[in-house]
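Hi,

Here is the structure I promised to pass on. Have a look at it first, and my notes follow underneath.

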Amino acid sequence: MKTSFITTFMTLTVMASGVSFAPVAFSQSKFDSQFVGYPTYSGDDLELTVDNSGSHFRLWSPKAQDARVNIYDNGHTGSPTKTLPMIFNKDNGTWTVSVPEKLYGKFYTFQIKWNGEWKDETPGVWAKAVGVNGLRAAIIDLDKTDPEGWDKDHGPEVKNFSDVIVYEMHHRDMSMHPSSGIANKGKFLAMTEKGTHSPSGQKTGIDHLKELGVTHVHILPSYDYNSVDEMNLQENTYNWGYDPLNYNSPEGSYSTNPSDPATRIREMKEMVKALHDAGIGVIMDVVYNHTADNDNSNFELTAPGYYHRHWDDGRYSDASGCGNETASDLRQMQDFIINSTKYWADEYHIDGFRFDLMAIHDTETMDKVARELKKINPSIFVYGEGWTSGDSPLAPERRALKENVGKMTDIAVFSDDIRDAVKGHYTDAADRGFATGKPGNEETVKIGIVAATPHPQVDYSKGNNSKFAYASSPEMIVNYVSCHDDLCLTDKLHKSMEGEPEKNMLEAAKLAQTIVFTSQGTPFMFAGEEVFRDKKGIHNSYNKPDSINAIDWENKSKYRDQFDYYKGLIALRKAHPAFRMTSADDIANHLVFDKIDSSKTPNLISYSLKDHANGDDWQEIKVVFNGASKPQTVNIKKGNWMIVAKDGKISPDASLGSSKGGKITVAPYSALILAK
Ligand code: CA
């Protein structure tokens with residue numbers, strides 16, 4: 001990892017949302033406008049194809065003075081066994097050369113001549129297999145990496161995105177702790193092991209996910225990234241992976257043999273297949289918005305200047321906070337993002353994509369990404385962070401910002417509204433939110449409950465973050481209270497509720513997630529929160545050791561009540577479509593807030609889901625949230641109510657008893673859910 005990357009990365013999470021910038025009047029800087037007329041190439045045979053007529057290389061680099069391919073026997077040592085000069089095709093800007101042999105087992109790099117000199121070697125931008133540390137591209141037969149039964153493999157069918165329940169996980173967090181009972185710790189294969197359990201007998205790994213009931217896992221970056229030395233894995237280094245190196249090959253450190261290019265591919269496919277066999281979809285976190293390196297990135301070494309954005313004077317612009325940003329508004333970069341996601345969907349059967357700092361990309365590109373992916377698999381779910389981490393030459397109206405979600409089709413954005421309102425602001429560890437007794441967040445929580453859609457009872461002018469209904473459908477919103485960034489929920493509660501007994505924090509955690517899982521939109525949770533995992537108070541744990549990041553699965557015994565609550569919450573959502581409405585009109589017509597004066601009774605929200613909302617069996621569902629540190633009483637309409645959740649217990653099947661309505665006291669930091 002580069003020092004500059006470390007220092008710039010530190011700022012990333014601090015600025016990770018809700019940042020607004022002065023409008024920029026132009027769409028492209030003067031410097032970048034020189035690239036608009038470049039010839040482009042959209043064929044799917046870029047860089048390498050192998051067929052019965054041999055091995056064919058095609059590098060896109062319209063302004064290179066010369067180009068060549070170096071062939072190697074090895075992934076990282078020795079000299080080229082052959083160097084192949086390439087021929088330029090000026091109509092599409094590509095350089096080509098072919099040999100009659102299938103070069104399986106060999107490795108290659110490209111080199112271009114620029115300003116009269118050969119630049120450093122690069123595996124190119126389309127390496128689908130790489131040697132150790134991703135230095136050279138590998139020539140392998142991809143068909144031979146398919147696990148048994150791969151041709152019949154598919155992820156879960158998704159009718160509406162509000163049916164998806166996302167579980168965000170890092171490979172090492174899930175399996176590194178000795179208590180995981182998993183053999184392939186920190187590897188793709190960890191999620192293929194069945195029957196694993198903690199020393200006290202609690203299910204772990206894939207069995208744990210099935211028991212919990214989530215529909216999709218969202219894996220942190222799993223393409224080949226830069227920061228972990230794959231030749232020195234005993235060093236036990238950890239990284240989130242937001243430092244992309246080779247976008248189209250899996251990360252080597254998650255494989256059992258990073259030096260064998262096929263192993264990481266086969267093992268990642270085995271993970272996908274095992275999850276699919278368990279009925280769980282796989283969403284990949286993708287970071288097309290910047291590269292780990294600037295001048296020595298594979299983009300820069302193949303087509304200098306083109307793929308990154310710059311300011312007028314030619315300096316790299318840096319909307320990522322990591323030293324650079326990519327230029328999706330230029331055709332070849334736009335095509336790269338579209339074709340790369342299509343490749344993962346097609347070759348690895350990936351079921352969704354989470355776009356990091358999505359607003360660095362333009363809305364047109366994101367729209368095309370979603371449309372093209374739907375053609376491969378209509379169940380693919382695309383969502384992202386609708387913000388940047390710094391200013392960009394791309395005009396704000398073109399950015400795939402949260403506020404611009406309506407300009408795109410089939411794209412969802414994270415709601416930082418609900419996140420910060422429920423648990424307190426992410427920039428201030430001690431700040432409390434609605435679920436931890438701080439008044440004044442009620443209206444913003446309601447914005448989250450209606451998935452930022454227009455609603456006659458929600459006053460958007462009182463929103464903490466957004467001031468207007470930016471979503472025209474709940475399928476545009478992902479609700480959450482924590483993710484890998486910032487303090488995880490347990491740590492946030494420890495810091496903001498310091499001095500209170502742990503019991504209160506456990507109750508507040510349940511309440512916070514109840515708000516997320518009963519709200520309209522798609523719910524999203526961070527791995528391990530169901531067992532009250534913490535990260536020892538470290539918010540930016542991207543390169544911290546496993547001792548900070550790994551989940552201690554003995555927590556599942558210690559906090560079994562917490563796990564059971566989360567499991568019940570997920571079962572409730574899955575069984576009741578009223579929590580999963582698919583249109584803004586439905587929400588406006590069926591979700592009715594009870595009148596509560598927040599200035600007199602703060603931290604209290606009560607609403608009904610009425611008239612068999614979205615075809616629900618239940619005629620009416622009453623949802624009450626008490627985020628105050630004291631009990632609060634609500635007056636429930638008389639009737640034969642079934643108690644679904646009360647005082648920190650949840651049961652979708654009526655085992656908590658019944659109520660005739662009237663005055664009901666709701667415990668501190670808890671939810672009351674009734675149904676009839
Ligand atoms: Ca790597």
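To read the helix numbers below, take the expected span of a helix as 1.5 Å times one less than its number of residues. Keep in mind that this is a predicted model.

I started with helix α7, which covers residues 363-376. Its 14 residues reach 21 Å from the first C-alpha to the last, close to the expected 20 Å. As for what is tucked away, T363, T365, M366, D367, V369, A370, L373 and K374 of α7 are buried. What do those buried residues pack against? Their partners are helix α6 (331-347) and the strands β15 (352-355) and β16 (381-384).

Now the whole protein chain. The secondary structure adds up to 15 helices and 28 strands. The C-alpha atoms sit in a box of roughly 85 × 60 × 45 Å along the principal axes. The radius of gyration is 26 Å, which agrees with a compact globule, because one with 676 residues would come out near 26 Å.

On packing, 63% of the 676 residues count as buried. If you take contacts between residues at least 6 apart in sequence, 72% of them join residues at least 24 apart.

Last, the surface and the charges. The accessible surface is about 23,200 Å², and carbon and sulfur atoms account for 49% of that. The chain has 73 positive and 92 negative charges, and the mean positions of the two sets lie 5 Å apart.

Cheers

How values were computed
Residues are numbered from 1 along each chain as its sequence is written. This is a predicted model: local features need pLDDT of at least 70, side-chain atom pairs count only at pLDDT 80 or more; totals for chains, interfaces and linings use all residues. Side-chain values use heavy atoms; hydrogens and water are left out. Helices (H or I, at least four residues) and strands (E, at least two) are DSSP runs, numbered from the N terminus. Buried means under 20% relative accessible area, exposed over 50%, partly exposed in between (1.4 Å probe, protein chains only). Contact means heavy atoms within 4.5 Å. The radius of gyration is taken over C-alpha atoms; the globule rule is 2.2 Å times the number of residues to the power 0.38. Accessible areas come from the Shrake-Rupley method with a 1.4 Å probe; for residues, only the protein chains shown count as cover. Lys and Arg count as positive and Asp and Glu as negative; His and the chain ends are not counted. The place of a charge is taken as NZ of Lys, CZ of Arg, CG of Asp or CD of Glu.
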